[in-house]
Amino acid sequence: MRLTKEEFSIFNLTSKIKMVENDGIYLIKKVIDDKHEIRLFLLYGFYVEVYCNYKLNKMLEVKPVVSKKWLNTFYMGLINQSNFC
Amino acid sequence: MKKTTPTIDTIFEVLNYGAKNGVMHLNTTNDRLLGNRLQLNDSNTEVINFGSCSYLGLEFDERIKKGAKDAIDNYGTQFSSSRAYMSPRYYEELEALFCKIFNAYAIVTPTSTLGHIGTIPVIIHDKDAVILDHQVHNSVHTAVNLVKAKGVYTELIRHNRLDILEERIQALRQKHSKIWYMADGVYSMYGDVTPIREVYQLMEKYPELNYYVDDAHGMSCFGTNGGGYALSQKPIHERMVLITSLAKAFATGGGVAVFPTKEMAHRVRTCGSSLVTSGPMQPSGLGAAIACSKIHLSNELYSLQEELYENIKYTNLAIKKRGLPLVAESNTPIFFVGVSLPKIGYSIISRMMNDGFYVNAGIFPGVPIKNTGIRFTVTRLHTFKEIDNMLDALAFHHAEVLKEENFPISKVYQAFKMKEPVERQAEQIVTTIEKQANLFTEHSTSISGIDKFEWDNLLGNRGTYNWEGLKFLEESFKGNTESENNWEFDYLIVRDKEDKPILATFLTTAIWKDDMLAQEGVSVQVEAKRRAANDPYYLTSKLVSVGSLLTEGDHLYIDKTSPYWKEAFGILLEKMAVLQEKYKASGTLLRDLKQGDSEVDSYMMDNGYFKLGMPVSHVIDSFNWNTREEFVSTLSTRSRRHIRRDVMDYVDMYDVQIAKNLSAKELEHLYSLYLNVKSKSLLLNTFTLPYKLFKNMASHPNWEVMVLNLKPEFDKRAEQKPVAVVFCYVTEEKYNPMIVGLDYSFQDEFKCYKQALYRVIERARGLNKKAINLGFAATVEKQKYGARLVNVVAYMQAQDNFSLEVVSSMNVAEIVNV
């Protein structure tokens, strides 16, 4: 079932992780420090950022991307803009 | 056939039909259950269980299983003693744990039903009043019936209508120092909830109000320590009692009664019948419950609750996205998708099972028969994927089956009084046109629009409803002051392509008393309430009915040799639904149908009607006699004795005539004789007929007014007047005595009713009629005259069953009083 960003936001972290794991398409990641990275997924037609502890391979936070500008600068144009909705 | 309440027969028919169709009374065949996969009956295929009330999936928890096993190892499979004598040690520990869970005083009961039975008779006193929510669980009704039998005042109010509750509190508080409102925390069928905070506000406002809540489906899923939905909203109130179940999300079996004070708990523990005379909860259940209570008192429970809540949120969204008609949206794990008719529900369930999903039928008596639905539950064990797949299947089959059955979705919304999404309305028009493609329906709102010859040919000889008779009724039942005496008339003839009638009937829409077909004892109670409330329309409903309140007999012409008779019947039911909407009626009724027609029985049940027994009707259709003595000789030996003694010995005391040109005064007297009978007869409890009708009868060529006067030597009054009257409608073949009037002061001495009956028979014989329709009531009497009994039934569909339940709830008191 395709959810909108607003609908996705009502679920808790465990559910969001399940949805990302089951239905998300992994796109790209950015390493933040020696433990953490942000992974970008395309899920139900919108982008989702997943903040991870990659050493423990644990997702800590999942949230839809809300700033188009930020997405563009952060991932330096690697993302297909048509999928940003 | 004696008049009966519809419940048992209908439950049997509805559930048995489900069992025959392989969707009810199922058995699992799994050797071992793991999670929510079931094997059912002989099928080797697994289905995912969407019917479990174990919402947290705790039945597979190793700690709880170990608790049960250890208790069996220690105490055996049972501890056989009444708790009045002794309880196994586990009880003390478990009740202490529950006191912590609920932050109140708790008693463990073997089941929640036994909890109600043990608690209600102890806490409700003779002078209390009980107000039940219409949808409160059946087990509460069962226990309330115990106190009702002792004379405790009880009444039902519409579901979750706290405005009505407040009105009733205001009315009852003068007489009753305690008023108990009984409701569920989470309702088991639609999954909606009681507005607990509003109930508490009322308790603050009215010190007489006490609250009794069954929170079986809220237990564990909601609240601190899983104390349930009610306590998740507010802590226990000093005037509140809570009963809950351990056989749903708690997953161990058993029940708990929760009280605000130690004294109250102790009193129920000591005097509650099920705690004194019933067996206890057994060691396995107690051991499991102790282990489960410990989970409830740990933080782990909140993770379990949250997991369940995620599934609930997901399911609500998924239902919305698929446009399924969800009857009540809430945050509970119970969902109810409307389908309206049982056959549609069963068909969808059967298809769902073939696709690998088990869901429940939400069916009568849990819901009104027309409000059948697919009830399903989600538990913590379901995955989003499973929920998605199940709802994909449900959305697909829901649409397919409605299409197959030519049942527009708009009718589903209508049945549940829900607003239909606009885009669906177009579908309805298409379906209706398709359905009627092979048949043509002639519809008129007056008999004047119907061909007289054809009508009389089809229905003219059945009773008082030939063409002229109906014209007479139309004229008599319009323009009256009382709304109950103004009827709407509709005439239907369904024809095939060759213009041949397949079905013909007439319908009237009028206000009926809801107790009309109830037992006389019930009508006595209802009439008392109408008088007390000064409201003659209390428990009355506008109904669209085949026939009318003043006609009797088989009103339905149907050519069952036509291959399209069922389609024609379907059109009749559809038209009745349209008329119900048009006249804002609350139900539809087909009456006077032959008893024992299994084809019609199953057709009507498929279409959401339930069967009601009607009073027996009586017919005399044998006239092999010429003289009075010959008439007597045709009767049985016993009847001969009666008729000679009670009728023939009085014949010469009467002057009988067919009255013509009655003066206003004479007619008023005859009307008063009718009123005498009306005030005594509650077998078919109807409204009083208007005077205008009698005026019309007196001047109509087809009506005869048979008047019985006592000869002057027997009537010593200063002014002699008729002592009995019978208003009879005459058709070509039949004589139809429709209304009787009596002066009861002459009844014992001159047996005027018996005389009137005989004179009717004599008159019909004299006119060379083939039969007499003797109507309802007085079976024993009419049989003495050689009347044949005709058993007939009615089929009813109500928009909701509130009024019917109120009426049927009165039966209990009556039976006890008898």
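User: A nonpolar core is a set of buried Ala, Val, Leu, Ile, Met, Phe, Trp, Tyr and Cys residues joined through C-beta atoms within 7 Å. In this predicted model, which residues of the largest nonpolar core touch the most other members?

Analyst: In soluble globular proteins, nonpolar side chains tend to be buried together. The largest nonpolar core of this predicted model holds 194 residues, while a second, separate core of 44 residues includes V723(B), Y735(B), V760(B) and Y785(B). Within the core of 194 residues, those that touch the most other members are Y181(B), M182(B) and V258(B).

User: Which residues does M182(B) touch, not counting residues up to four places away in sequence?

Analyst: M182(B) belongs to the largest nonpolar core, where it is one of the three residues named for touching the most other members. With residues up to four places away in sequence left out, M182(B) touches V130(B), L132(B), D133(B), V136(B), V140(B), V144(B) and Y212(B).

User: How many residues of strand β17 of chain B are buried?

Analyst: A residue counts as buried if 20 or more other C-beta atoms lie within 10 Å of its own. Strand β17 of chain B covers residues 540-546, and it is largely enclosed by the rest of the structure because most of these residues pass that test, the number of buried residues being 6 of the 7.

User: In which sense do β17(B) and strand β19 of chain B pair?

Analyst: On one hand, β17(B) is joined by 6 bridges to strand β16 (residues 501-513) of chain B, and these two run antiparallel, with I511(B) standing opposite K542(B) in β17(B). On the other hand, 3 bridges link β17(B) to strand β19 (residues 587-594) of chain B, and here S545(B) has L589(B) in β19(B) as its bridge partner. The sense in which β17(B) and β19(B) pair is parallel.

User: At what angle do helix α18 and helix α25 of chain B pack?

Analyst: Two packed helices are described by the angle between their axes and the distance between the axes. Here F472(B), E475(B) and S476(B) in α18(B) meet K692(B), L693(B) and N696(B) in α25(B), and by class this contact has 2 nonpolar, 2 polar and 2 charged residues. The crossing of the two helices, α18(B) and α25(B), is right-handed. The axes of α18(B) (residues 467-476) and α25(B) (residues 691-699) lie 9 Å apart, and the helices pack at an angle of about 145 degrees.

User: In what order do the strands of the open sheet of chain A stand?

Analyst: From the N terminus on, the elements of chain A run α-α-β-β-β-β-α, which agrees with its 3 helices and 4 strands. The edge strands of the sheet, each pairing on one side only, are β1 (25-31) and β4 (58-64) of chain A, and the twist averages 25 degrees from one strand to the next. The sheet has 4 strands with antiparallel pairing, and their order is β1-β2-β3-β4.

User: Which strands of chain A does helix α2 of chain A touch?

Analyst: Strand β2 (residues 36-43) and strand β3 (residues 46-53) of chain A run antiparallel and are joined by 8 bridges, and L42(A) has Y47(A) in β3(A) as its bridge partner. Helix α2 (residues 13-23) of chain A packs on the sheet, and its direction makes about 85 degrees with that of β4(A). The strands of chain A that α2 touches are β2, β3 and β4.

User: Which helix gives the most to the side of chain B that touches chain A?

Analyst: The two chains meet through 9 residues of chain B, which are in contact with 9 residues of chain A. On the chain B side, α12 (300-322) and α14 (384-404) each supply at least two residues, and by class this side has 3 nonpolar, no polar and 6 charged residues. With 6 residues, the helix that gives the most is α12(B).

User: Does N406(B) count as buried or partly exposed?

Analyst: Most residues other than glycine have a negative phi, and most peptide bonds are trans. N406(B), in the loop between α14 and α15 (409-415) of chain B, has a positive phi of about 55 degrees although it is not a glycine. Because N406(B) has 14 C-beta neighbours inside 10 Å, it counts as partly exposed.

Technical notes:
Residues numbered from 1 in each chain as written. Chains lettered and ligands numbered in written order. Predicted model: local features only at pLDDT ≥ 70, side-chain atom pairs only at ≥ 80, totals over all residues. Axes fitted to C-alpha atoms, helices over the stretch in contact; angles between N-to-C directions. Left-handed = near helix turned anticlockwise from the far one by under 90°. Contact = placed C-beta atoms within 7 Å. Nonpolar A, V, L, I, M, F, W, Y, C, P; charged D, E, K, R; others polar. Buried ≥ 20, exposed ≤ 12 C-beta atoms within 10 Å, placed from the backbone. Pairing = 2+ DSSP bridges.
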